[in-house]
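Student: Please give me a close look at a single part of this model. Keep it brisk, and give the cut-offs as you go.

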Amino acid sequence: MIEILRRELIFFWYYFTIQTEQIIWYWIFGMALGSLISVFGKEKIHALFVKMRNTKIGIFGIIPASLLGIASPLCMYGTIPIAASFSEKGMSEDWIAAFVMSSILLNPQLLFYSAALGIPVLIIRVTVCLLLGITAGICVRLFFRNKPFFKFTKFENMANRDTDPNPFIRYIKNFSRNIKATWLYFFIGIVLSVLFQRYVPQDLFTGLFINNRGFGVLMAAAIGVPLYACGGGTIPLLQSWLLRGMSLGSASAFMITGQALKITNLGAVKIVLGIKHFIFFLLFTVIFAVLSGLAIDFIYGTISFP
């Protein structure tokens, strides 16, 4: 019994250290980049968005709005107050929807984390997030043009925590907050990945995600909600799943529903949308995740990862 336990601990430690070495630098540099943009570039990003209001590009404004959402380093509870300020300035709600949706799904930190999964996954993640933001803006413009979609009143006056007069101190504090907010999820993700590799049979995984692609996308979209606690924490799991043969479409569906519908986001989303629009948001996200996942699998099929 003791010998079995010793072997299991050796296996766990071996794969834990390997995965940590492979991913940890993406995590650190991702947070460093996110803090850099948050402290020194956030206001410029948002000023650029406000400046767009004076242009006459109409519906085409949802494209730069979605791009700026991806560039914004804020979490959900930071994005909503900014979106509320846009609403106060008279920004059209289709632009705001595109900004909020893409900001929920991706930010510079998560973009850097995703590079650990390889270039194909990174390209797909950026493309799908951009398209989802654009599609959200189009849907709001088409179906909610004559009535308000958002209710921002409870989030308008949230305080900015990056207020130290010394920019270097602001950066260090922001970076420290990022570390505190994500380190536990990051290492839990690695632990779950090691346990998955050790104890989930290959045949079971093959049956769920490889032999039946359509079901695999649906399954990935479903398990994304309860398993996805933090973007960085899911990178080790996705790395293991892709190595086992998970399709790019399934991985994409998991990343969309997990990131958009994780519990920490849903509370804030429900407050600013109300129950009817919240249901619309849920259905829209799940349907887009599944359809885009199926489309990705149809286009790319299986890509082998080294």
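**The largest cavity and its surroundings**

Tutor: Eighteen is the number to start from: 18 residues line the largest cavity, and M101, F149, F150, L273 and F281 are the ones nearest its centre. A cavity here is a set of points, on a 1 Å grid over the protein atoms alone, where a 1.4 Å probe fits but cannot get out; a lining residue has an atom within 4 Å of a point. This is a predicted model, with local features needing pLDDT of at least 70 and side-chain atom pairs pLDDT 80 or more, while totals for linings use all residues. Numbering runs from 1 along each chain as its sequence is written, and side-chain values use heavy atoms, without hydrogens or water.

The space inside comes to about 190 Å³. That volume is what probe spheres set on the points fill, with points joined across faces, edges and corners. With 30 Å³ as the lower limit, the model has two cavities. For the largest, four elements each give two or more lining residues: α4 (76–88), α5 (93–105), α7 (119–143) and α13 (263–300). Of these, α13 contributes most, with six residues. Helices are DSSP runs of H or I, at least four residues, numbered from the N terminus.

Now follow α5 and α7. A salt bridge joins R141 to D94, with the closest N and O atoms 2.8 Å apart. The term takes a side-chain nitrogen of Lys or Arg within 4 Å of a carboxyl oxygen of Asp or Glu. R141 sits in helix α7 and D94 in helix α5, so the pair links distant parts of the chain, 47 residues apart. The structure holds one salt bridge. Its two ends differ in cover: R141 counts as partly exposed because its relative accessibility is 22%, and D94 counts as buried because its value is 3%. Buried means under 20% relative accessible area and exposed over 50%, with partly exposed in between (1.4 Å probe, protein chains only).

Two residues elsewhere can be read on that scale. S114 belongs to helix α6 (residues 108–114). S114 is buried, at a relative accessible area of 0%. Beyond neighbours within four places in sequence, S114 touches L122, R125 and I235; contact means heavy atoms within 4.5 Å. L33 lies in helix α1. L33 has 32% relative accessibility, so L33 counts as partly exposed.

Conventions. 1 Å grid on protein atoms, 1.4 Å probe; cavity = no way out; pocket = protein on both sides within 12 Å on 5 of 7 lines; lining within 4 Å.
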